[in-house]
Amino acid sequence: RSRLFFWTEGMNVVLIGYRCCGKTEVGQFLADKMNRPFLDTDALIEQRSGSAIEATVAAGGWDHFRDCERLVVAEVSKKSPLVIATGGGVVLDEDNVRNLREKGWLVWLKAPARVLRERMSRDRRHGKGRPSLTDADPLDEIEAVLKQREPLYEKASDWAVDTAELGIVEVTSLILDEFQKVSGKKQKRIISTQSPLRPLRRIEN
């Protein structure tokens with residue numbers, strides 16, 4: 001089936017990007033505006049394992065977590081229409097990307113390392129920790145890991161928006177506007193644009 005078929009039948013909106021780029025908060029708000037179910041793949045993994053991601057990684061390592069993630073992604077990718085927020089490393093597995101693109105329009109929520117570090121520091125102060133990806137402090141590894149993953153986000157995404165200076169309302173509005181523009185088009189890739197809008201409220205997740 002062509003991508004045009006899925007546009008007309010209800011394409012999933014799939015949010016990808018690094019930790020703290022705003023996927024969960026934007027996804028929840030977007031799903032409400034689109035009157036669609038919202039699924040967070042990390043939350044589903046936690047629900048099914050009965051433990052937090054930190055505990056899952058501590059017990060079985062990142063390879064075990066990626067195996068769990070692969071199963072969840074394969075399952076949710078078969079459903080539509082949804083809004084799906086994914087884990088930051090979902091693009092590391094080509095099968096994940098292929099499955100998500102089957103019925104999904106992939107939106108990359110971007111932010112520079114400096115902004116991601118500020119958001120993660122704020123989360124840490126509020127008791128929300130994240131496991132290290134490289135055995136370094138999660139705050140110190142951002143720039144190196146982001147540099148590695150950015151080409152993968154770029155390759156996987158259909159469209160991108162920089163969330164650094166935008167609030168949840170504005171990011172959601174941009175996604176909805178772009179979704180309406182491309183919903184009847186056949187092209188596979190969408191060129192990202194830089195929005196001039198200023199923030200109403202900064203993303204905080």
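## Helix packing and a few odd backbone spots

Walk along the sequence and the protein reads α-β-α-β-α-α-β-α-β-α-α-β-α. That pattern comes from eight helices and five strands, where helices (H or I, at least four residues) and strands (E, at least two) are DSSP runs numbered from the N terminus. Keep in mind that this is a predicted model, in which local features need pLDDT of at least 70 and side-chain atom pairs count only at pLDDT 80 or more, while totals for chains, interfaces and linings use all residues. Residues are numbered from 1 along each chain as its sequence is written, and side-chain values use heavy atoms, with hydrogens and water left out.

Start with the whole chain. Of the 205 residues in the protein, 49% are buried; buried here means under 20% relative accessible area, exposed means over 50%, and partly exposed is in between, with a 1.4 Å probe and protein chains only. Contacts (heavy atoms within 4.5 Å) often span long stretches of sequence: among those between residues at least 6 apart, 79% join residues at least 24 apart.

**Two helix pairs**

Two packed helices are described by the angle between their axes and the distance between the axes. The axes are lines fitted to C-alpha atoms, for helices over the stretch in contact, and angles run from 0 to 180 degrees between N-to-C directions. Here are two such pairs:

| Helix pair | Angle | Axis distance |
|---|---|---|
| Helix 3 (residues 41-49) and helix 4 (residues 53-76) | about 115° | 9 Å |
| Helix 2 (residues 23-34) and helix 8 | about 55° | 9 Å |

With its angle of about 55°, helix 2 is oblique to helix 8. Helix 3 and helix 4, in turn, are roughly perpendicular to each other. For these words, angles under 35 degrees count as roughly parallel, over 145 as roughly antiparallel, 65 to 115 as roughly perpendicular and the rest as oblique.

Helix 3 passes helix 4 in a right-handed crossing; a crossing gets that name if the near helix is turned clockwise from the far one by less than a right angle, and is left-handed if anticlockwise. On the helix 3 side, the contact uses Thr 41, Asp 42, Leu 44, Ile 45, Glu 46, Arg 48 and Ser 49. Helix 4 brings residues including Ile 53, Phe 65, Cys 68, Val 72 and Val 76. Sorted by type, the residues of this contact come out as eight nonpolar, three polar and five charged. In that sorting, Ala, Val, Leu, Ile, Met, Phe, Trp, Tyr, Cys and Pro count as nonpolar, Asp, Glu, Lys and Arg as charged, and the others, Gly among them, as polar.

Val 76 of helix 4 deserves a closer look. Val 76 is buried, at 2% relative accessible area. Leaving out residues up to four places away in sequence, Val 76 touches Asn 12, Leu 39, Thr 41, Leu 44, Leu 82 and Ile 84. Asn 12 sits 64 residues from Val 76 along the chain, yet their C-alpha atoms are separated by 9.9 Å.

Over at the other pair, helix 2 and helix 8 also cross in a right-handed way. Glu 25, Val 26, Phe 29, Leu 30, Lys 33 and Met 34 of helix 2 meet helix 8 residues, among them Ile 168, Val 169, Thr 172, Ile 175 and Phe 179. This contact divides into 10 nonpolar, one polar and two charged residues. Thr 172 lies in helix 8 (residues 168-182) and is buried, with a relative accessible area of 2%. If you skip residues up to four places away in sequence, Thr 172 touches Val 26, Phe 29, Leu 30 and Lys 33.

**Cysteines and unusual backbone**

Looking for disulfides, meaning pairs of cysteine sulfur atoms within 2.5 Å? The structure holds zero. The sulfur of Cys 20 has its closest cysteine sulfur in Cys 21, 8.2 Å away, too far for a bond. Cys 20 is buried at 4% relative accessible area, and Cys 21 is buried at 1%.

Cys 20 sits in the loop between strand 1 (12-16) and helix 2, and its phi is near 70°, a positive value in a residue other than glycine. Asn 35 also has a positive phi, about 55°, without being a glycine. Asn 35 lies in the loop between helix 2 and strand 2 (38-40) and counts as exposed at 71% relative accessibility.

Finally, Ser 80 and Pro 81 are joined by a cis peptide bond, with omega about -5°. Pro 81 lies in the loop between helix 4 and strand 3 (83-85).

Definitions and conventions:
A disulfide is a pair of cysteine sulfur atoms within 2.5 Å.
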